[in-house]
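Let's take a friendly walk through a protein model. Have the sequence and the picture ready, and turn the view as you read.

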Amino acid sequence: MINLLIVDDHQILRAGLELIFETVTDINVVCTAADGEAGRQKVAALHPDLVITDIRMPKLDGIALIKSLHETNPDLPVIVLTTFDDQKPIQEAMQLGAKGFLLKDADKATILRVIRGAMKGETYIEPRIAGKAFAAPKPAQPTVVLSEKEHTILTQVAQGYHSKEIAEDLAVSERTIKSHLTSIYNKLGVFTRAEAVAKALQLVLIEL
């Protein structure tokens, strides 16, 4: 059972998410909070397995909440709810190790997959977020060259597939996929899947 805390200042969105999780058996909403400060207190009191948080909130915004949790609960997965115009906060949340980035109109299947993936250590960034927030003019010559296999793997990562799923599709071991991902991270100068996807889209190394 995944015990979940929802932090968002919009009551309708909180209620909508709760309705989604009422339809599944492996996710339980232990509590909701209307701002980051209340969210931080609920984490300390209830010890949830995962936090979903908005970015723009009163008292303590989502980035400040993630920073606080990163210091006090570094292993607690955090998923960010955002909009297209939150570019800088998204980048900050990535650097702090947030495990998922979802637009507020994400469908049920995507939300559930991102939550379950985050609990397995996977990171997911909604392709529309990456494409919009990290868009940049196409460089004359890319400064990074990916192998054909690395290109395939990173494209599938950008589409939301997990390492195990990619390994099965390419008929290789999951360890091999992770080795390729390490090579990709080194080439791009990043540390997480979300950063890799964002950087690759920025350099037009992959397309969605």
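Two residues are said to be in contact when they have heavy atoms within 4.5 Å. Keep in mind too that this is a predicted model.

With that idea of contact, start at helix H8, residues 163-170. Ser 163, Lys 164, Ile 166, Ala 167 and Leu 170 of H8 meet Glu 174, Ile 177, Lys 178 and Leu 181 of H9. Sorted by character, the residues of this contact come to five nonpolar, one polar and three charged. The axes of H8 and H9 are 8 Å apart, and the angle between the two helices is about 110°. Angles from 65 to 115 degrees count as roughly perpendicular, so that is how H8 lies to H9.

Now zoom in on Ser 163, which belongs to H8. Is Ser 163 buried or exposed? A residue is called buried when its relative accessible area is under 20%; Ser 163 has a relative accessibility of 1%, so it counts as buried. Leaving out residues up to four places away in sequence, Ser 163 touches Glu 122, Glu 174, Ile 177, Lys 178, Leu 181 and Arg 193.

Between H8 and helix H9 (174-188) runs a loop, and Ala 171 is found there. Ala 171 has a relative accessibility of 70%, and because exposed means over 50%, Ala 171 counts as exposed. Its backbone deserves a look as well: most residues other than glycine have a negative phi. Ala 171, however, has a positive phi, near 60°.

A second residue of this kind is Val 204, with a phi that is also positive and near 60°. Where does Val 204 lie? You will find Val 204 in the segment after H10, and its positive phi comes just after that helix. With a relative accessible area of 25%, Val 204 is partly exposed.

Step back along the chain into H10 itself. This helix is mostly covered, as eight of its ten residues are buried. The buried residues of H10 are Arg 193, Ala 194, Glu 195, Ala 196, Val 197, Ala 198, Ala 200 and Leu 201. Arg 193 is also one of the residues that Ser 163 touches.

From here we can look into the interior. The largest nonpolar core has 48 residues, and those with the most contacts inside it are Val 51, Phe 101, Leu 154 and Leu 188. Which helix gives the most to this core? Helix H10 (residues 193-202) does, with six residues. Leu 188 shows what such contacts look like: setting aside neighbours within four places in sequence, Leu 188 is in contact with Val 144, Leu 154, Ala 196, Lys 199, Leu 203 and Leu 205. Another core lies apart from the largest one; this other core has 22 residues, including Leu 4, Val 29, Leu 50 and Leu 102.

Next, move to the start of the chain. Asp 8 lies in the loop between strand E1 (2-7) and helix H1 (11-21). At 0% relative accessibility, Asp 8 counts as buried. Apart from neighbours within four places in sequence, Asp 8 is in contact with Leu 13, Arg 14, Ala 33, Ala 34, Asp 54, Met 57, Leu 81 and Lys 104. How far is Asp 8 from Val 144, C-alpha to C-alpha, and what separates them in sequence? They are 38 Å apart in space and 136 residues apart in sequence.

H1 follows that loop, and it packs against helix H5 (residues 108-119) at an angle of about 80°, with the axes 11 Å apart. H1 and H5 are therefore roughly perpendicular to each other. Leu 17, Ile 20 and Phe 21 of H1 make the contact with Lys 108, Ile 111, Leu 112 and Ile 115 of H5. Here the division is six nonpolar residues, no polar ones and one charged.

Our last stop is another helix pair. Helix H2 (residues 36-46) and helix H3 (residues 62-72) pack at an angle of about 25°, and their axes are 9 Å apart. Angles under 35 degrees count as roughly parallel, so H2 is roughly parallel to H3. Their crossing is right-handed. Gly 36, Gly 39, Arg 40 and Val 43 of H2 make the contact with Leu 65, Ser 68 and Leu 69 of H3. These residues divide into three nonpolar, three polar and one charged.

Definitions and conventions: Residues numbered from 1 in each chain as written. Predicted model: local features only at pLDDT ≥ 70, side-chain atom pairs only at ≥ 80, totals over all residues. Heavy atoms only, no water. Axes fitted to C-alpha atoms, helices over the stretch in contact; angles between N-to-C directions. Helix = DSSP H or I, 4+ residues; strand = E, 2+ residues; numbered from the N terminus. Parallel < 35°, antiparallel > 145°, perpendicular 65-115°, else oblique. Left-handed = near helix turned anticlockwise from the far one by under 90°. Nonpolar A, V, L, I, M, F, W, Y, C, P; charged D, E, K, R; others polar. Buried < 20%, exposed > 50% of the residue type's maximum accessible area, 1.4 Å probe, protein only. Core = buried A, V, L, I, M, F, W, Y, C linked by side-chain atoms within 4.5 Å.
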